[in-house]
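Thanks for making room for me on the agenda this morning. I would like to walk you through one model, so please have the sequence and the coordinates open while I talk.

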Amino acid sequence: MSSAVSEAPVNLAPQAAGSGIRIVKGACPHDCPDTCALRVTVEDGRVVKVQGQPDHPSTHGALCTKVSRYPERTYHAERVLHPLKRVSAKHEPPRFERITWAQALGEIAGRLRAIAARDPRAILPYSYAGTMGLLQGEAMAGRFFNRLGASLLDRTICASAGGAGLAATYGHKVGMHLAHFAESRLILIWGSNSIASNLHFWTFANQARRNGATLICIDPRKTETADKCHRHLALLPGTDGALALGLMHELIAHGWLDHDYIARHVDGWEELRAKALAWTPERTAAECGLTADEVRDLARDYATAAPAAIRLNYGMQRVRGGGNAVRLIALLPCLTGAWRHRAGGLLLSSSGWFAPFKNPALERPDLRGGRPSRTINMSTIGDDLLREASPTFGPRIEALIVYNSNPVAVAPESPKVVAGFERADLLTVVLEHFMTDTADLADYVLPATTQLEHLDIHISYGHTDVLVNEPAIAPLGEAKPNTQIFRELAAAMGLDEPAFHDDDEALLRQAFRAGGPDADGAAGTIDLARLREQGWFKLPLAEAPFADGGFPSASGKADARGANYLPNYESRLSTPELAARYPLAMISPPARNHLNSTFVNVKSLRDIEGEQVLEMSAGDAAMRGLADGQMVRVFNDRGSYRCKLDVSARARDGVVHGLGIWWRKLGADGRNVNEVTHQRLTDMGRAPCFYDCLVEVAAA
Ligand SMILES: Nc1nc2c(c(=O)[nH]1)N[C@H]1C(S)=C(S)[C@@H](COP(=O)(O)OP(=O)(O)OC[C@H]3O[C@@H](n4cnc5c(=O)[nH]c(N)nc54)[C@H](O)[C@@H]3O)O[C@H]1N2
Ligand SMILES: Nc1nc2c(c(=O)[nH]1)N[C@H]1C(S)=C(S)[C@@H](COP(=O)(O)OP(=O)(O)OC[C@H]3O[C@@H](n4cnc5c(=O)[nH]c(N)nc54)[C@H](O)[C@@H]3O)O[C@H]1N2
Ligand SMILES: [Mo]
């Protein structure tokens, strides 16, 4: 065994993987706020270890359990390594045969050409954040679909309600710097199971705690994170906006407001003040399922600690009023003036900080050439696949090209999603690593490379560094990067614009604006040479961005106008008749050892999670005569699925947790939690309401 350890050359071509040990700079591709810098060890052309980069500040050498298993996932015996063509009917058990790339591309191009000749809008891309990389995400795919004139996809499935709420308040998706949480005196961890899904934030929160800070968790579920906080408020799902108004009531009643900050930096305060005065601690407590003292104490702690910070996460915006709830919570640090300190304020997303640096032309929207378009919301794919052509909808969806996503498992209301994917007349092409539930319903499955096998560049929604991912090994089998698959598909369709001849190195150079955000290009440029030398590049940003206002909104102020609480579509209070039949509010947050539906097929991780479970309080279980560990049926008018009952102190009465997101085919009856979720959309951002869902549970 060679002991020579050398840094990877900057321009490492996959073929260069040879003998000896090499260390390659990578970036974790997953949809997670942490976007860790990876240190990949390659020995004789094989990845033997994936670790956190020790010198990257927020990664600090540590990775979560999941991504430490990345080699197990990459070399998994079930990797799809050749193009596959379906030979069974859509409603039959899936059977595929191996075909060549030439046959696959030729046949797909032929069918797409025929559809495009009638109406290219009948072709729909379906993608999300299987990889967050700018290149293997939309760089070449966007060019392909723009050139075709395909339908546009509204990518709403995760964060768009909260994103819209945050942008409506501050002007953009911006917030505190991650590292500054270490200096906070109080941290509200709100709608976030940080230990499971934002581990590298937790490190800073822990540091604050060791320095004497108080940590308070606001979450219906008593999570691993709640276990480690000083206090936990288990409010009812979807009532966060009411809680924020109740806190404002107390800030007003006790004179805990920063009047100077409000006067100079908040629009619409008088209107908000009038609304908040209606939310006494008693009314708030009744709406949220808390006690009035819990509301009072929380307000006092938040208002009297300085600096006070809020780590908000997307868990709380997957309900009807999710956008407005974010608006109200994001106003709290404006009312107390917490923004004056760099360790005060709020962080939901940092992705807006990158906006001035990104090149809006990377995906070449100009290739659309002014043709009419339409936009399909990915969160209503169930309904939309079943829709006929109409003047308002446009053409029926005839072809679906899926990459970086597993919609059959993750999209709401699976019975309709599955019925849509089972349409015999639908052409479905899936670019994947594995035979997911979605790949099982494809006509063609095309083998894609993993993060270890391709080049990419990453921004983050939890910190403010750009990361590079150099390829560590050659593609396995016949796998190709998404970029290459779309380049070759373009060629097969006879599209030969220069945009399709850019290789991944060229795309990387085009990912950011050449001159940076300043007109003169003096500040804010991404230094690509430095990025590739170091593996990451920190954006040059202000320490305490809103210490003196200056929000990136049109007025420079935070906007409170119109923000208000909206109750859930489905709840005891808003739909009492429905709640009489389906009295349990169900949320389905991420499982710690899965990343959405990714990693569910990695045995060592699935073994830790066990099987699909539903957490329920002892009181709710006793009322139904149910026992811990038994199989139950979770159901409502939309559908049902079977799983194991976990009678758990993590659940409060009236709320059950279906930890996600399992591959349907690995569930007890070939289904998962999305069997019961609905397709209605949030108040802002057109997002799904996964956690706004009433169910009943019975013995299976
Ligand atoms: N291990 C792991 N990490 C992940 C993911 C994963 O699947 N697994 N998913 C990634 C993705 S896609 C995202 S978007 C991010 C962020 O994803 P988030 O969905 O924000 O993930 P969590 O931090 O688990 O936050 C969800 C928390 O919100 C709580 N919650 C549910 N409803 C409500 C509510 O109405 N109010 C309040 N206050 N809390 C509520 C849930 O109980 C849960 O603890 O995490 C990413 N990180
Ligand atoms: N009930 C319920 N449903 C939910 C949620 C919930 O909390 N509850 N969470 C929602 C959220 S926050 C999100 S973000 C969505 C997530 O939904 P998705 O974005 O669909 O995420 P994953 O399920 O992780 O599926 C990503 C797929 O991309 C593939 N992939 C990864 N890298 C590459 C690549 O380089 N090339 C190609 N071609 N494929 C690749 C992976 O193998 C994986 O199968 O789910 C949503 N669904
Ligand atoms: Mo997400």
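Let me begin at one residue pair: Ile 457 stands opposite Val 468 in E20. Before going further, I should say that this is a predicted model, in which local features need pLDDT of at least 70 and side-chain atom pairs count only at pLDDT 80 or more, whereas totals for chains, interfaces and linings use all residues. Residues are numbered from 1 along each chain as its sequence is written, chains are lettered from A and ligands numbered from 1 in the order in which they are written, and side-chain values use heavy atoms, with hydrogens and water left out.

Back to that pair, then. E19 and strand E20 (residues 465-469) run antiparallel and are joined by three bridges; strands here are DSSP runs of E with at least two residues, helices are runs of H or I with at least four, and both are numbered from the N terminus, while two strands pair if DSSP finds at least two bridges between them. They belong to an open sheet of three strands in the order E19-E20-E21, with antiparallel pairing. Its edge strands, each pairing on one side only, are strand E19 (456-458) and strand E21 (536-538). Direction ignored, neighbouring strands of this sheet are turned by 15 degrees against each other on average, where the axes are lines fitted to C-alpha atoms, for helices over the stretch in contact, and angles in general run from 0 to 180 degrees between N-to-C directions.

A second piece of sheet is a hairpin, in which strand E3 (residues 37-43) and strand E4 (residues 46-52) run antiparallel over six bridges, with Leu 38 opposite Gly 52 in E4. Two residues lie between the strands of this hairpin, and Asp 44 takes a positive phi near 50 degrees.

The third is a closed barrel of six strands, E23-E27-E24-E26-E25-E28, with mixed pairing. From one strand to the next, the twist averages 45 degrees. Strand E23 (residues 584-587) pairs with strand E28 (residues 694-699) in the antiparallel sense over two bridges, and there Ala 585 stands opposite Leu 694 in E28.

How is the protein divided into domains? The bounds, which come from an automatic or database domain assignment, give domain 1 (5-74), domain 2 (84-158 + 356-536), domain 3 (161-348) and domain 4 (576-699). The contact between domain 3 and domain 4 (heavy atoms within 4.5 Å) takes 28 residues from domain 3 and 21 residues from domain 4.

What area is buried between domain 3 and domain 4? It is about 1900 Å², of which carbon and sulfur atoms give 57%; buried area is the accessible area (1.4 Å probe) that two parts lose on being put together, summed over both. On the side of domain 3, Arg 221, Arg 318 and Arg 320 supply 32% of the area buried against domain 4, more than any other three residues.

The rule finds two salt bridges across this interface, a salt bridge being a side-chain nitrogen of Lys or Arg within 4 Å of a carboxyl oxygen of Asp or Glu. Arg 221 also forms a salt bridge with Glu 615, the closest N and O atoms being 2.7 Å apart.

By this rule the count comes to 47 salt bridges. Among them, Arg 487 and Asp 504 have their closest N and O atoms 2.5 Å apart. Arg 487 lies in helix H18 (residues 482-492) and Asp 504 in helix H19 (residues 504-510), so this pair ties together parts 17 residues apart in sequence.
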